[in-house]
Amino acid sequence: SSSRSASSSMTPASTTMSKLQSENVREAIRTMFKESAEKKRKFRETVELQIGLKQYDPQKDKRFSGSVRLPRIPRPNMTVCILGDAQHCESAEKANIPSMNVEDLKKLNKNKKLVKKLAQKYHAFLASEALIKMIPRLLGPGLNKAGKFPGLITHGDIMSDKVDEVKSTVKFQLKKALCLGVAVGHVEMTEQELFANINVAVNFLVSLLKKNWQNVKSLNLKTSMGKPQRVY
């Protein structure tokens, strides 16, 4: 599958919503916020963009995969773990970011169950250059299978920024079904923040599709516990 990345600054299309009517989107956001406020949950509800595709054959057509960074973090409580060398583990400790060093990884002993447990414990991973090459040898294919192979963190990176970048990035990946969903925000955002995130996500998704908007059957927005709001 072809893979590509983009940062929101590289997508000039992100200022316009092309075939999406801005007012429909804003209306849907207001409705979701209102319903969520009326039925306050004990947790912060996530807002998901649900996409239905058409004229696409996952067997024959290229299964696309791409990631884009949204202007605002869609899931603030997403956890990222650093698989670090000594310096990175020290920085992580100072910044209160979970981390593991080589010894911690060796202790897992390539045990499939333990690696799977590790993959389930965190949403994403970042690894130091020295460790990233050792991951297959230390852990086997477990993280890769879970779709959580670590991103790279270098000593030139500011760790908190790098973690925020991971938290802000959403991935669109077509598997066998013609529908996919990604988190684009949460109910504690302002209307404008959520609108901007939806805008970038939709435009990036459409750019991945072979026939762009002609492949989009439907777009819905939905909070964790709310009803879907159709916007296209």
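This report describes two sheets, the helices that pack on them, one pocket and a few single residues in a predicted model.

## The antiparallel sheet

One open sheet is built from four strands, which follow one another in the order β9-β2-β10-β11 and pair in the antiparallel sense. Its edges are formed by β9, which covers residues 179-186, and by β11, which covers residues 229-230, and each of these two strands pairs on one side only. Strand β2, made of residues 46-53, runs antiparallel to β9 and is joined to β9 by seven bridges. Within this pairing, G52 has C179 of β9 as its bridge partner.

Helix α1 packs on this sheet and touches β2, β9, β10 (residues 216-223) and β11, while the direction of α1 makes about 30° with that of β10. Helix α9, which spans residues 191-208, also packs on the sheet, where α9 touches β2, β9 and β10 and has a direction that makes about 155° with that of β9.

Two residues show this region in more detail, one in a helix and one in a strand. N197 belongs to helix α9, and because its relative accessible area is 0%, N197 counts as buried. When residues up to four places away in sequence are left aside, the contacts of N197 are L70, P71, R72, V184 and M189.

S218 sits in strand β10, and with a relative accessible area of 14% S218 is buried, since the cut-off for a buried residue is under 20%. Residues up to four places away in sequence again being left out, S218 touches Q50, I51, G52, R230 and Y232. S218 and L53 are 165 residues apart in sequence, yet their C-alpha atoms are 6.9 Å apart in space.

## The parallel sheet

A further open sheet has four strands in the order β5-β4-β6-β7, and here the pairing is parallel. The edge strands are β5 and β7, the latter covering residues 151-153, and each of them pairs on one side only. Helix α8, formed by residues 159-168, packs on this sheet and touches β4, β6 and β7, with a direction that makes about 130° with that of β4.

The pairings within this sheet, each with a bridge taken as an example, are set out below.

| Strand pair | Bridges | Example of bridge partners |
|---|---|---|
| β4 and β5 (residues 99-100) | two bridges, parallel | I82 and S99 of β5 |
| β4 and β6 (residues 124-128) | four bridges, parallel | C81 and F125 of β6 |
| β6 and β7 | three bridges, parallel | A127 and L152 of β7 |

In which directions do the residues of strand β4 point? V80 and I82 point one way from β4, which covers residues 80-83, whereas C81 and L83 point the other way, and all of them are buried. In a regular strand the side chains alternate between the two faces of the sheet.

## The second largest pocket

The second largest pocket holds about 170 Å³ of space. Its lining is made up of M32, E35, S36, E38, K39, R41, E45, T223, M225, G226, K227 and Q229. By residue class, this lining divides into six charged, four polar and two nonpolar residues. Helix α1, which runs over residues 22-38, gives the most to the lining, with four residues. The same helix α1 is the one that packs on the antiparallel sheet and touches β2, β9, β10 and β11.

## Two residues with positive phi

Most residues other than glycine have a negative phi. Q55, although it is not a glycine, has a positive phi of about 50°. Q55 is placed in the loop between β2 and β3, the latter strand covering residues 65-69, and its relative accessible area of 49% makes Q55 partly exposed.

K110 likewise is a residue other than glycine with a positive phi, in this case near 60°. K110 lies in the loop between α3, which covers residues 102-107, and α4, which covers residues 112-121. With a relative accessible area of 45%, K110 is partly exposed.

Note on methods. Residues numbered from 1 in each chain as written. Predicted model: local features only at pLDDT ≥ 70, side-chain atom pairs only at ≥ 80, totals over all residues. Heavy atoms only, no water. 1 Å grid on protein atoms, 1.4 Å probe; cavity = no way out; pocket = protein on both sides within 12 Å on 5 of 7 lines; lining within 4 Å. Points joined across faces, edges and corners; volume = space filled by probe spheres on them. Nonpolar A, V, L, I, M, F, W, Y, C, P; charged D, E, K, R; others polar. Pairing = 2+ DSSP bridges. Contact = heavy atoms within 4.5 Å. Axes fitted to C-alpha atoms, helices over the stretch in contact; angles between N-to-C directions. Buried < 20%, exposed > 50% of the residue type's maximum accessible area, 1.4 Å probe, protein only.
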